[in-house]
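Reader: Hey, I've got a protein model open and I'm not sure how to read it. Can you walk me through it?
Author: Sure, let's put it up here and start from one spot.

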Amino acid sequence: MVLTPSSGTPRRIVDVGQDVAVVALSMAGAISALDGSRWSLLWVAASLAGVGFQLTRVWQAGRNRWTPLGRAMVLRGSAATATGVALGSLSPGAVNATLATLATAVLVGCLAGEPFVARAERFRVPVASGLPGVPPVREQSDLGPTA
């Protein structure tokens, strides 16, 4: 039996390469911000653009019931952290650095909770209707968009 790569293998290799590039841009932005470079915001902006590109491409591939919850967590977390580091080091002062650190911690904490929200959003209550002796089920609103 000859093993041949599936048609999705080259696409997956490109996806992983793009993910690594986005994380590398985030790291470059954070490190250059800590070094005091003026180019740090450019690196961070490039990483944020990469995250947006990846999410847009995934959205276009599966438009039916697509949600960004729980998607590209590492990319979004690294871009958020790099943004916090860059903003914290942009203007000197302990107050600014503290505010940037707090905002980054809240954002990354929200990202960490997203898989649980996504699971709750996908949950559907099983309903039985049309059974003898069971009253008809009244229409319930979909809570997915609210979640």
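**Starting from Ala79**

Author: Let's begin with Ala79: apart from neighbours within four places in sequence, Ala79 is in contact with Ser26, Ser47, Leu48 and Val51. Keep in mind that this is a predicted model.

Reader: ok, and where does Ala79 sit?
Author: Ala79 is part of helix H3.

Reader: is Ala79 buried or exposed?
Author: Buried, because its relative accessible area is 2%, and buried means under 20%.

Reader: how far is the C-alpha of Ala79 from the one of Val44?
Author: Those two C-alpha atoms are separated by 6.8 Å, although the residues are 35 apart along the chain.

Reader: you mentioned Ser26. Which helix is Ser26 in?
Author: Ser26 belongs to helix H1. Ser26 is buried as well, with a relative accessible area of 1%. Leaving out neighbours within four places in sequence, Ser26 touches Ser47, Ser78, Ala79 and Ala82.

Reader: let me zoom out. How many helices and strands does the protein have?
Author: There are 4 helices and 0 strands. Going from the N terminus, the order of elements is α-α-α-α.

Reader: and how much of the protein counts as buried?
Author: 22% of the 147 residues.

Reader: what about contacts between residues at least 6 apart in sequence, what share of them join residues at least 24 apart?
Author: That share is 62%.

Reader: cool. Now H1 and H2, how do their axes cross?
Author: H1 covers residues 9–35, and its axis comes within 7 Å of the axis of H2, crossing at roughly 155°. An angle over 145 degrees counts as roughly antiparallel, so H1 and H2 are roughly antiparallel to each other. The crossing of H1 past H2 is left-handed.

Reader: which residues meet there?
Author: From H1 the list includes Asp15, Gln18, Asp19, Val22 and Ser26, and from H2 it includes Val44, Ser47, Gly50, Val51 and Gln54. Sorted by class, this H1 and H2 contact has 9 nonpolar, 8 polar and 4 charged residues.

Reader: Gln54 is a polar one, right? What is it doing in there, is Gln54 buried or exposed?
Author: Gln54 is buried, with a relative accessible area of 6%. Gln54 lies in helix H2, which covers residues 40–61. Setting aside neighbours within four places in sequence, Gln54 is in contact with Asp15, Gln18, Asp19 and Leu75.

Reader: next pair then. What's the angle between H2 and H3?
Author: About 155°, with the axes 10 Å apart; H3 covers residues 73–90. H2 and H3 are therefore roughly antiparallel to each other. H2 passes H3 in a left-handed crossing. The residues making this contact include Val44, Ser47, Leu48, Val51 and Gln54 of H2, and Leu75, Ala79, Ala82 and Ala86 of H3. By class, the H2 and H3 contact has 10 nonpolar, 4 polar and 1 charged residues.

Reader: back to H3. What do its buried residues pack against?
Author: They pack against H1, H2 and helix H4, which is 94–122. Among the buried residues of H3 are Leu75, Gly77, Ser78, Ala79, Ala82 and Gly88.

Reader: and how long is H3 from end to end?
Author: H3 has 18 residues and reaches 25 Å from its first C-alpha to its last, close to the 26 Å expected at 1.5 Å a residue.

Reader: how does H1 do on that? What should its 27 residues span?
Author: They should span 39 Å, and the end C-alpha atoms of H1 are 39 Å apart, which agrees.

Reader: which residues of H1 are buried?
Author: Asp15, Val22, Ser26, Gly29, Ala30, Ser32 and Ala33. H2 and H3 are included in what covers them.

Reader: and what happens just after H1?
Author: Gly36 comes there, and it takes a positive phi of about 90°.

Reader: last one, Met73. What is Met73 in contact with?
Author: Not counting neighbours within four places in sequence, Met73 is in contact with Leu111, Ala112, Glu114 and Pro115. Met73 is located in helix H3. The C-alpha atoms of Met73 and Pro115 are separated by 9.3 Å, with their places 42 residues apart along the chain. With a relative accessible area of 24%, Met73 is partly exposed.

Key: Residues numbered from 1 in each chain as written. Predicted model: local features only at pLDDT ≥ 70, side-chain atom pairs only at ≥ 80, totals over all residues. Heavy atoms only, no water. Helix = DSSP H or I, 4+ residues; strand = E, 2+ residues; numbered from the N terminus. Buried < 20%, exposed > 50% of the residue type's maximum accessible area, 1.4 Å probe, protein only. Contact = heavy atoms within 4.5 Å. Axes fitted to C-alpha atoms, helices over the stretch in contact; angles between N-to-C directions. Parallel < 35°, antiparallel > 145°, perpendicular 65-115°, else oblique. Left-handed = near helix turned anticlockwise from the far one by under 90°. Nonpolar A, V, L, I, M, F, W, Y, C, P; charged D, E, K, R; others polar. Expected span 1.5 Å × (residues − 1).
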